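Thank you all for coming; I would like to walk you through one structure this morning, taking it slowly. Please keep the picture in view while I talk, and stop me if a term is unclear.

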Amino acid sequence: MCVCLQHRKIRMGSSNSKRIRELRDDIEAITTNTAKDSPTHRQNSNNKDSDIKSDIRRLIEILGCRSNDEIKKIKKDYKELFKEDLEKYLAEITSGDLKELLLALLEANRDEKPYSVDDKQIDKDARKLCDFQKDDKDKESYITIMTKKSFHHLKEVFEKYKDYYEQEDSTKKELQESFQWLVQCIKNKPM
């Protein structure tokens with residue numbers, strides 16, 4: 001797989017929203033094996049006019065539902081194509097809670113044992129998610145649950161979460177919104 005690196009020079013002077021959109025396009029091209037020998041795939045992108053939230057959401061969907069091996073391959077391919085670590089570049093163009101979430105996903109340390117669930121841990125994690133929804137002080141635990149626990153475990157946690165509290169219709173904080181996108185991605189992931 002080969003991609004022309006010419007667009008990288010343009011990227012360094014771009015706004016962060018444009019850089020995130022381009023990163024999303026790069027990762028989508030890597031994951032779908034549609035990277036081309038020229039930058040024309042950018043010109044043909046259907047999402048050129050998308051907003052930053054859509055770009056971030058898509059980036060979270062791409063990374064949030066991949067296996068550890070798939071994420072490692074994305075990082076390897078990215079480094080081969082752009083001669084730069086994906087984590088380093090992502091840290092450069094994002095900040096705050098979003099940066100922490102995306103970097104945690106890129107660690108590729110999700111539990112992948114089949115049906116790795118523990119009822120006591122499910123209950124504990126569901127309560128932590130509920131507590132975070134009310135008061136987002138324990139962000140680190142939230143990120144750990146969402147990026148390290150198995151998909152099977154998380155599906156059980158989400159069901160337990162619904163038993164405890166009704167989910168709010170909308171959230172105000174960037175991290176909570178990002179996690180909602182990740183929850184949907186995980187809930188819809190075929191097993």
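Let me begin with a term: a cavity here is a set of grid points where a 1.4 Å probe fits but cannot get out, and its volume is the space filled by probe spheres set on those points. What we have in front of us is a predicted model, and in it the count comes to two cavities of 30 Å³ or more. I will take the second largest cavity, which has a volume of about 50 Å³.

Which residues line the second largest cavity? Among them are Leu63, Arg66, Asn68, Ile71, Ala104 and Lys148, and the lining as a whole divides into five nonpolar, three polar and three charged residues. Three helices, α5 (68–82), α7 (96–106) and α9 (139–148), each supply at least two residues of that lining.

Two of those helices, α7 and α9, are also joined by a pair of charged side chains, since Lys139 and Glu100 meet in a salt bridge at 3.2 Å, N to O. This pair links distant parts of the chain, with Lys139 in helix α9 and Glu100 in helix α7, 39 residues apart. Lys139 counts as partly exposed at 24% relative accessibility, and Glu100 counts as partly exposed at 37%.

Helix α5 holds a salt bridge of its own, in which the side chains of Asp77 and Lys73 meet at 2.7 Å, N to O, the two residues lying four apart, about one turn of the helix. An α-helix has 3.6 residues a turn, so residues three or four places apart point the same way. Is Asp77 buried or exposed? Asp77 is buried, because its relative accessible area is 6% and buried means under 20%, whereas Lys73 is partly exposed at 46%.

In helix α4 (residues 52–64), Glu61 and Arg57 are likewise four residues apart, and they form a salt bridge whose closest N and O atoms are 3.2 Å apart. Both belong to a network of salt bridges that also includes Arg21, Arg24, Asp25 and Glu28, and these four are among the buried residues of α2.

That brings me to α2 itself, where 12 of the 16 residues are buried. At 1.5 Å a residue, this helix should span 22 Å, and its end C-alpha atoms are 22 Å apart, which agrees. Just after α2, Asn33 takes a positive phi of about 55 degrees.

Methods:
Residues are numbered from 1 along each chain as its sequence is written. This is a predicted model: local features need pLDDT of at least 70, side-chain atom pairs count only at pLDDT 80 or more; totals for chains, interfaces and linings use all residues. Side-chain values use heavy atoms; hydrogens and water are left out. On a 1 Å grid over the protein atoms alone, a cavity is a set of points where a 1.4 Å probe fits but cannot get out, and a pocket is an open set with protein on both sides within 12 Å along at least five of seven lines; lining residues have an atom within 4 Å of a point. Ala, Val, Leu, Ile, Met, Phe, Trp, Tyr, Cys and Pro count as nonpolar, Asp, Glu, Lys and Arg as charged, and the others, Gly among them, as polar. The expected span of a helix is 1.5 Å times one less than its number of residues. Buried means under 20% relative accessible area, exposed over 50%, partly exposed in between (1.4 Å probe, protein chains only). A salt bridge is a side-chain nitrogen of Lys or Arg within 4 Å of a carboxyl oxygen of Asp or Glu.
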